[in-house]
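Let's take a walk through this one, with two loop residues and two helix pairs as our stops. Have the viewer open and follow along.

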Amino acid sequence: MSLTRADLENDLLRKTFRQAHPGTPVLSDADQEASLRELLERHPSGADVWLFGYGSLVWNPIVRFDERRVARLHGFHRSFCLWSHVNRGSLQRPGLVLGLDLGGSCRGVAYRIAAHHAADELRLLWRREMVLGAYSPRWARVDAGEETLQAIAFFVNREHPSYAGKLPIETVIKTLVSARGQLGTPAEYLLETVRGLIEHGVRDPYLLELRKRVLATHP
């Protein structure tokens, strides 16, 4: 199953999580709006917004954008460091999804969202990424060719219970091939991310090694 714009407009992810885990707190509309407003208050009024994608946003951005560029974020790397208990896993068998964690650098895709509808598009994005508060959205400098952009990026929240830390690669592979959630398996998420990055000329050695080993384990 691929997440759609209609899913976000209907707040599907939050509704599904509440049904699956009624005792686990989720961010309310007010929480999400406050988080978004705090970020936009640090952005020039009337200016377009750049968004940095490094995982599912690469191959399924959903938000409406006017331009995209390959970009590099310094100081953080892409890692399967976040447990997923609904979208790519379950309570009984948690899956893993990508987050930006400390160290290294990460090449991804930067999207330019027009100023006149940026707030509405970002509200949909917050419904996608900020159900639990497992990510910390922040402004970050990304290099796109010879230009440096200020872009929104979703960093992993190391204080959140879903933060998995640096896992042994064997644990990551076992989890990728054994878990399943409402949006499919983490192995499918991995393969789509690799495909999307390659389409933009980005070859991530970490993800390529995982893909090779996942396909050998679970062709």
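Start with α7 and α8, which sit oblique to each other. Their axes are 10 Å apart and the packing angle is about 135°, and oblique is the right word because angles over 145 would be needed for roughly antiparallel, while roughly perpendicular covers 65 to 115. Keep in mind as you look that this is a predicted model. As for handedness, the crossing of α7 past α8 is left-handed.

Now zoom in on who touches whom. From α7 come A187, L190, L191, T193, V194, L197 and I198, and they meet L207, L208, L210, R211, V214 and L215 of α8. Sort the residues of this contact by type and you get eleven nonpolar, one polar and one charged.

Between these two helices, α7 (186-199) and α8 (205-217), runs a loop, and D204 lies in it. Is D204 buried or exposed? With a relative accessible area of 13%, D204 is buried, because the cut-off for that label is under 20%. Its side chain has a polar partner, too: the side chain of R78, at 2.9 Å. If you'd like a distance to check in your viewer, try D204 to I173: they are 31 residues apart in sequence, and their C-alpha atoms are 16 Å apart in space.

Next, swing over to another helix pair, α3 and α5 (residues 118-129), whose axes come within 10 Å and cross at roughly 130°. That angle falls outside the ranges for parallel, perpendicular and antiparallel, so this pair is oblique. Here the crossing is right-handed. On the α3 side the contact involves Q32, E33, S35, L36, L39 and L40, and on the α5 side A119, L122, R123, W126 and R127. By type, the contact residues split into six nonpolar, two polar and three charged.

Our last stop follows on from α3. Where does H43 sit? Look in the loop that links α3 (29-40) to β1 (49-53). H43 has a relative accessible area of 17%, so it counts as buried. What does its side chain reach? One target is the backbone oxygen of D48, at 2.9 Å, and another is the backbone oxygen of A47, at 3.4 Å. Setting aside neighbours within four places in sequence, the contacts of H43 are D48, V49 and W139. D48 therefore turns up twice for H43, as a contact within 4.5 Å and as the owner of a backbone oxygen that the side chain reaches.

Terms used: Residues numbered from 1 in each chain as written. Predicted model: local features only at pLDDT ≥ 70, side-chain atom pairs only at ≥ 80, totals over all residues. Heavy atoms only, no water. Helix = DSSP H or I, 4+ residues; strand = E, 2+ residues; numbered from the N terminus. Buried < 20%, exposed > 50% of the residue type's maximum accessible area, 1.4 Å probe, protein only. Polar contact = N/O pair within 3.5 Å; in protein donor to acceptor, adjacent residues only side chain to side chain. Axes fitted to C-alpha atoms, helices over the stretch in contact; angles between N-to-C directions. Parallel < 35°, antiparallel > 145°, perpendicular 65-115°, else oblique. Left-handed = near helix turned anticlockwise from the far one by under 90°. Nonpolar A, V, L, I, M, F, W, Y, C, P; charged D, E, K, R; others polar.
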